[in-house]
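Trainee: Could we go through this model together? I would like to begin with contacts and then turn to the surface.
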Amino acid sequence: MNGKILLKKNILYVCRTGILSALALVLSIFEGMLPDLPFVLPGMKLGLSNLAVMFSLELCNLPCALAIVIIKALFALFTRGVTAFCMSFFGGFLATIGMHLLINQKKISFGCFGVGVGGAFLHNCGQVLVAYVLVSDAIYAYIPVLVAGAVLTGSLTALVYYFVMPSLKRIPLMGDSPRDLQND
């Protein structure tokens, strides 16, 4: 009996990872179709595809979220090249680990806004590190703009997360349904 429950739980995680990965890719494509805003740095994005990573941290676990980061990075590699892969992977990896730590912090509750802004900031940090390796230390001049951008984009992502997550949890495959795992 426990073997069947474990198998169903693993299948559930694989399905969720696939659905959330597809969501991340669709959001990434959608975001690429949006026109550049006149007041942002070249290449700066809203980070809408990071919503899927935030969802996965709540609905699944850290390995699921990291799998989505890898899938997003591979998509960037195949569609935009090696530099985009490095930016996506290192930014996504730092953001995911950071958001995981913020979510699981027992003493302080950061809420979805703290997690969203923290994730955006760490994503920018990962990208700055890659840019430093590829370009030079001149990239550090962009840090104040990136911090402001992280607050803005992280808040926007958190706002969308706050309003969409309850609806997403009502979808049977995405919601917490332990009794579904116990039925044969």
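Mentor: Certainly. Contact here means heavy atoms within 4.5 Å. Please keep in mind that this is a predicted model.

Trainee: Which residues does His123 touch, not counting residues up to four places away in sequence?
Mentor: His123 touches Asn50, Met87, Ser88, Gly91, Gly92 and Ala95. His123 itself is found in helix 5, residues 111–134.

Trainee: Is His123 buried or exposed?
Mentor: His123 counts as buried because its relative accessibility is 11%, and the cut-off for buried is under 20%.

Trainee: Asn50 was among those contacts. How many residues of helix 2 are buried?
Mentor: Helix 2, residues 50–59, is mostly covered, with 9 of its 10 residues buried. Asn50 is one of the buried residues, as are Leu51 and Phe55.

Trainee: What covers the buried residues of helix 2?
Mentor: The cover includes helix 1 (2–33), helix 3 (62–80), helix 4, helix 5 and helix 6 (143–169).

Trainee: Changing topic to the surface: which residues make the nonpolar patch?
Mentor: Phe121, Tyr132, Val133, Leu134, Val135, Tyr140, Ile143, Val147 and Val151 make a nonpolar surface patch of about 820 Å². Helix 5 and helix 6 are the elements that give two or more residues to the patch. The largest share, 4 residues, comes from helix 5.

Trainee: And where is Tyr140 found?
Mentor: Tyr140 is found in the loop between helix 5 and helix 6. Its relative accessibility is 39%, so Tyr140 counts as partly exposed.

Trainee: One last item: how far apart in space are Thr83 and Phe110?
Mentor: They are 32 Å apart, C-alpha to C-alpha, and 27 residues apart in sequence. Thr83 is found in helix 4, residues 82–103.

Note on methods. Residues are numbered from 1 along each chain as its sequence is written. This is a predicted model: local features need pLDDT of at least 70, side-chain atom pairs count only at pLDDT 80 or more; totals for chains, interfaces and linings use all residues. Side-chain values use heavy atoms; hydrogens and water are left out. Buried means under 20% relative accessible area, exposed over 50%, partly exposed in between (1.4 Å probe, protein chains only). Patches are made of residues with over 30% relative accessible area and no salt bridge: like charges are joined within 9 Å, nonpolar side chains (Val, Leu, Ile, Met, Phe, Trp, Tyr) within 5 Å. Accessible areas come from the Shrake-Rupley method with a 1.4 Å probe; for residues, only the protein chains shown count as cover. A salt bridge is a side-chain nitrogen of Lys or Arg within 4 Å of a carboxyl oxygen of Asp or Glu.
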